[in-house]
Amino acid sequence: MSARSSARSVLLTWPDRKEPSAGAGLIVKKLTGDNRGVLYAGDNLSVLDRLIAEGQTDASLIYLDPPFFTQRAHETTPRKGATSEVAFVDQWDGLAHYLEALGARLSRLHELLLPHGSIVLHVDTKTSHYVKVLADSLFGFDAFASEIVWRYRRWPAKTENFQRVHDVLLRYRKDPNVAPRWNQEYEPLAPSTLKTWGTLKQRAVVEDGKRKRSSSTEDESKGVPLGDVWDIGIIAPVSKERTGYPSQKPEALLERLVNVLTHPDDLVLDPYAGSGTTLAVARRLGRRFVGIDESAVAIATIEKRFAAKGVLLTQVPAGR
Ligand SMILES: C[S@@+](CC[C@H](N)C(=O)[O-])C[C@H]1O[C@@H](n2cnc3c(N)ncnc32)[C@H](O)[C@@H]1O
């Protein structure tokens with residue numbers, strides 16, 4: 001595998017690299033709920049091709065949390081008394097195979113985004129650097145917007161290494177020349193700032209073109225504009241949010257993305273829906289959603305999750 005660069009872009013390539021091919025296969029099921037969202041059961045490649053063919057290219061946010069190249073099968077964690085089952089299999093003929101499959105999906109997802117839209121790829125540290133070069137080559141180097149580090153605390157692993165306590169979220173914009181959807185969020189002021197300045201907003205005092213010092217204003221500070229390192233807890237074993245689906249992400253993480261990067265009624269797309277975290281959050285925050293997953297266990301988990309909120313997902317006939 002190698003990375004070739006030219007003046008304009010970088011291309012991740014490897015022997016026998018194939019260009020993304022047209023998705024084959026049929027959509028098994030299409031479920032629809034309260035007119036705010038649609039859930040497709042089936043391989044996302046075929047579904048994405050169908051969405052493109054139907055001209056449903058109005059996503060403001062695409063969040064994807066694909067399998068992490070763990071080379072193993074992932075099982076559910078059932079409640080007491082029940083048995084676990086395989087939810088999805090994350091096994092590949094090698095990293096090139098994994099990246100090829102992901103690249104085929106990324107190029108289609110890009111077509112489904114509106115010009116102001118963002119695509120957020122959730123990966124881990126084993127593959128994030130390969131995925132970043134792949135995404136740069138597909139979306140354009142200038143479309144890269146941020147690398148968000150999601151830091152969490154978890155039970156320590158037995159390892160003679162630093163504990164792995166973060167995932168990586170790569171955000172790309174569809175069109176870097178168009179103003180993105182952006183609702184500014186803030187984090188609390190640092191204790192040292194609070195001690196010196198209290199909660200009043202600071203103003204930079206510039207002399208001879210250089211920032212010399214700060215001075216207080218009369219206005220209350222909203223805090224510090226949100227940075228790209230996010231401390232958000234993983235879902236606790238006893239949390240009500242927990243579905244038992246492997247690799248379920250916390251709603252708080254998706255809430256932040258949806259709140260910052262979309263407006264009410266915007267469309268949020270998650271092609272690796274899993275337990276339906278993105279869909280549940282999008283719906284709760286008044287956004288429209290499209291979810292896709294090929295695992296029957298995932299689809300059943302999502303249906304149950306929605307039913308618990310009083311929303312029934314009903315199957316619609318094929319072709320509609
Ligand atoms: C890491 S999980 C997503 C977890 C999800 N973010 C959540 O919070 O529950 C990845 C999901 O991708 C699905 N998946 C993998 N390959 C797929 C494909 N080609 N088409 C559709 N779904 C796929 C798996 O079935 C699995 O549910």
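## A tour starting at helix H7

Begin with what packs around helix H7: its buried residues are covered by, among others, strand E4 (37-41), strand E7 (86-90), helix H6 (277-284) and strand E17 (288-293). Keep in mind throughout that this is a predicted model.

**Stop 1: helix H7.** Select residues 296-307, which make up H7. The buried residues here are Val297, Ala298, Ile299, Thr301, Ile302, Arg305 and Phe306. Next, put a distance label between the two end C-alpha atoms of H7; they are 16 Å apart. That agrees with expectation, because 12 residues at 1.5 Å a residue should span 16 Å.

**Stop 2: helix H6.** Now select 277-284, one of the elements covering H7. H6 is mostly covered, with 7 of its 8 residues buried. Which residues of H6 are buried? They are Thr277, Thr278, Leu279, Ala280, Val281, Ala282 and Arg283. To see what covers them, show E4, strand E5 (59-64), helix H5 (251-261), strand E16 (267-270), E17 and H7, which are included in the cover. Then click on glycine 286, just after H6, where phi is positive at about 75°.

**Stop 3: the ligand.** Centre the view on the ligand. The residues that surround it number 19, and the closest are Tyr272, Gly274, Ser275, Thr277 and Ser295. Thr277 was also on the list of buried residues in H6. Colour the shell by residue type: it divides into 7 nonpolar, 7 polar and 5 charged residues.

**Stop 4: helix H3.** Select residues 128-139. Buried in H3 are Tyr130, Val131, Val133, Leu134, Ala135, Asp136, Leu138 and Phe139. The length check can be repeated here: the 12 residues should span 16 Å at 1.5 Å a residue, and the end C-alpha atoms are 16 Å apart, which agrees. Just after H3 comes glycine 140, with a positive phi of about 105°.

**Stop 5: lysine 126.** Step back to the loop between strand E8 (113-123) and H3, where lysine 126 sits. Is this lysine buried or partly exposed? Lysine 126 is partly exposed, because 14 other C-beta atoms lie within 10 Å, and a residue needs 20 or more to count as buried. Add aspartate 167 to the selection; this residue is 41 residues from lysine 126 along the chain, and their C-alpha atoms are separated by 9.8 Å.

**Stop 6: the E12-E13 hairpin.** Select strand E12 (residues 200-207) together with E13; the two pair in the antiparallel sense over 7 bridges. For one of these, find alanine 204 and its bridge partner in E13, serine 214. The strands form a hairpin with 2 residues between them, and aspartate 208 in the turn has a positive phi of about 50°. Strand E13 covers residues 210-220, and the number buried among its 11 residues is 0, so it lies largely in the open.

**Stop 7: the whole chain.** Zoom out. The protein chain has 7 helices and 18 strands, and 33% of its 320 residues count as buried. Among contacts between residues at least 6 apart in sequence, 65% join residues at least 24 apart.

**Stop 8: confidence.** Finally, colour by pLDDT. The mean for the protein chain is 88, and 88% of its residues reach 70 or more. Over residues 1-8 the pLDDT is below 50, and this stretch has 11 contacts in the model beyond near neighbours in sequence. Residues 20-28 are also below 50, with 20 such contacts. Where pLDDT is low, the predicted coordinates should not be read in detail.

Definitions and conventions:
Residues are numbered from 1 along each chain as its sequence is written. This is a predicted model: local features need pLDDT of at least 70, side-chain atom pairs count only at pLDDT 80 or more; totals for chains, interfaces and linings use all residues. A residue is near a molecule or strand if its C-beta atom, placed from the backbone, lies within 6 Å of it. Ala, Val, Leu, Ile, Met, Phe, Trp, Tyr, Cys and Pro count as nonpolar, Asp, Glu, Lys and Arg as charged, and the others, Gly among them, as polar. Helices (H or I, at least four residues) and strands (E, at least two) are DSSP runs, numbered from the N terminus. A residue is buried if 20 or more other C-beta atoms lie within 10 Å of its own, exposed if 12 or fewer, and partly exposed in between; C-beta atoms are placed from the backbone. Two residues are in contact if their C-beta atoms, placed from the backbone, lie within 7 Å. The expected span of a helix is 1.5 Å times one less than its number of residues. Two strands pair if DSSP finds at least two bridges between them. pLDDT is the predictor's confidence in each residue, from 0 to 100.
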